[in-house]
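This briefing is meant for a reader who is meeting the structure for the first time. Please look over the sequence and the model below before turning to the points that follow.

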Amino acid sequence: MDSLNVAPKYREMKSFWKYYLGQEVAPVPTIFIGGNHEASNYLWELYYGGWAAPNIYFLGYAVVVKFGNICIV
């Protein structure tokens, strides 16, 4: 939790860990980008993008993804 770039009062475990461990699956395909408040040390492992959890894809730091007829840059 110390790697999160948020005030200490907001550093608490929510529900993403269930998706990360595969205990739950996102109901729709989800693509996300990095922002200001993620644990960037974990996302660094997916620098070029990749599946962060079942049905949840991290776009990466410099990636183009084609999803059906949509190109996401």
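Which residue in E3 does Gly50 stand opposite? Gly50 has Phe58 of E3 as its opposite residue, and the points below place that pairing within the rest of the chain. The model is a predicted one, with a mean pLDDT of 83 for the protein, and 89% of the residues reach 70 or more.

**Overall make-up**

- The secondary structure of the protein amounts to two helices and five strands, and when it is read along the sequence, these follow the pattern α-β-α-β-β-β-β.
- Confidence varies from element to element: helix H2, which covers residues 40-43, has the lowest mean pLDDT of the elements at 75, whereas E3 has the highest at 91.
- The protein has 73 residues, of which 23% count as buried, and the surface that it exposes comes to about 5700 Å², with carbon and sulfur atoms supplying 58% of that area.
- If one takes the contacts between residues at least 6 apart in sequence, 49% of them join residues that are at least 24 apart.

**The sheet and its hairpin**

- Three strands make up an open sheet, in which the order is E1-E3-E2 and the pairing is mixed.
- Strand E1 (30-32) and E2 are the edge strands, and because each has a single partner strand, one side of each is left without a neighbour in the sheet.
- Averaged over this sheet, and with direction ignored, neighbouring strands are turned by 35 degrees against each other.
- Strand E2, made of residues 50-53, pairs with strand E3, made of residues 56-58, in the antiparallel sense over three bridges.
- Besides the pairing of Gly50 with Phe58, the two strands also place Ala53 opposite Ile56 in E3.
- As general background, strands of a sheet pair through backbone hydrogen bonds, and they may do so in a parallel or an antiparallel way.

**The turn between E2 and E3**

- The hairpin of E2 and E3 has two residues between the strands, and within this hairpin Asn55 takes a positive phi near 70 degrees.
- Asn55 lies in the loop between E2 and E3, and its phi is positive although it is not a glycine.
- For comparison, most residues other than glycine have a negative phi.
- At 24% relative accessibility, Asn55 counts as partly exposed, because a residue is called buried under 20% and exposed over 50%.

**Aromatic rings**

- How many aromatic pairs does a search of the whole structure find? The search finds nine aromatic pairs.
- One of these pairs is formed by Trp44 and Tyr61, which are tilted, with 5.8 Å from centre to centre and 50 degrees between the planes.
- Trp44 lies in the loop between H2 and E2, while Tyr61 lies in the loop between E3 and strand E4 (65-67), so this pair ties together parts that are 17 residues apart in sequence.
- Trp44 is exposed, with a relative accessible area of 56%, whereas Tyr61 counts as partly exposed at 37% relative accessibility.
- The rings of Tyr47 and Tyr48 have planes at 80 degrees and centres 4.9 Å apart, and the pair is therefore edge-to-face.
- Within that pair, Tyr47 is partly exposed, with a relative accessible area of 30%, while Tyr48 is exposed, with a relative accessible area of 63%.
- Ring pairs link Phe32, Trp44, Tyr47, Tyr48, Phe58 and Tyr61 into a cluster, and Phe58 is also the residue that stands opposite Gly50.

**Residues apart in sequence, with their distances in space**

- Asn5 has its place in the segment before helix H1 (16-20), and this residue is exposed, with a relative accessible area of 53%.
- From C-alpha to C-alpha, Asn5 and Ser40 are 8.7 Å apart in space, although 35 residues separate their positions in sequence.
- Gly22 is found in the loop between H1 and E1, where this glycine is partly exposed, with a relative accessible area of 39%.
- Gly22 and Pro54 are 32 residues apart in sequence, and their C-alpha atoms are 6.3 Å apart in space.

Technical notes:
Residues numbered from 1 in each chain as written. Predicted model: local features only at pLDDT ≥ 70, side-chain atom pairs only at ≥ 80, totals over all residues. Heavy atoms only, no water. Pairing = 2+ DSSP bridges. Helix = DSSP H or I, 4+ residues; strand = E, 2+ residues; numbered from the N terminus. Buried < 20%, exposed > 50% of the residue type's maximum accessible area, 1.4 Å probe, protein only. Contact = heavy atoms within 4.5 Å. Areas by Shrake-Rupley, 256 points an atom, 1.4 Å probe, with all protein chains shown as cover. pLDDT = per-residue confidence, 0-100. Axes fitted to C-alpha atoms, helices over the stretch in contact; angles between N-to-C directions. Phe/Tyr/Trp six-rings, centres within 6.5 Å; stacked < 30°, edge-to-face > 60°.
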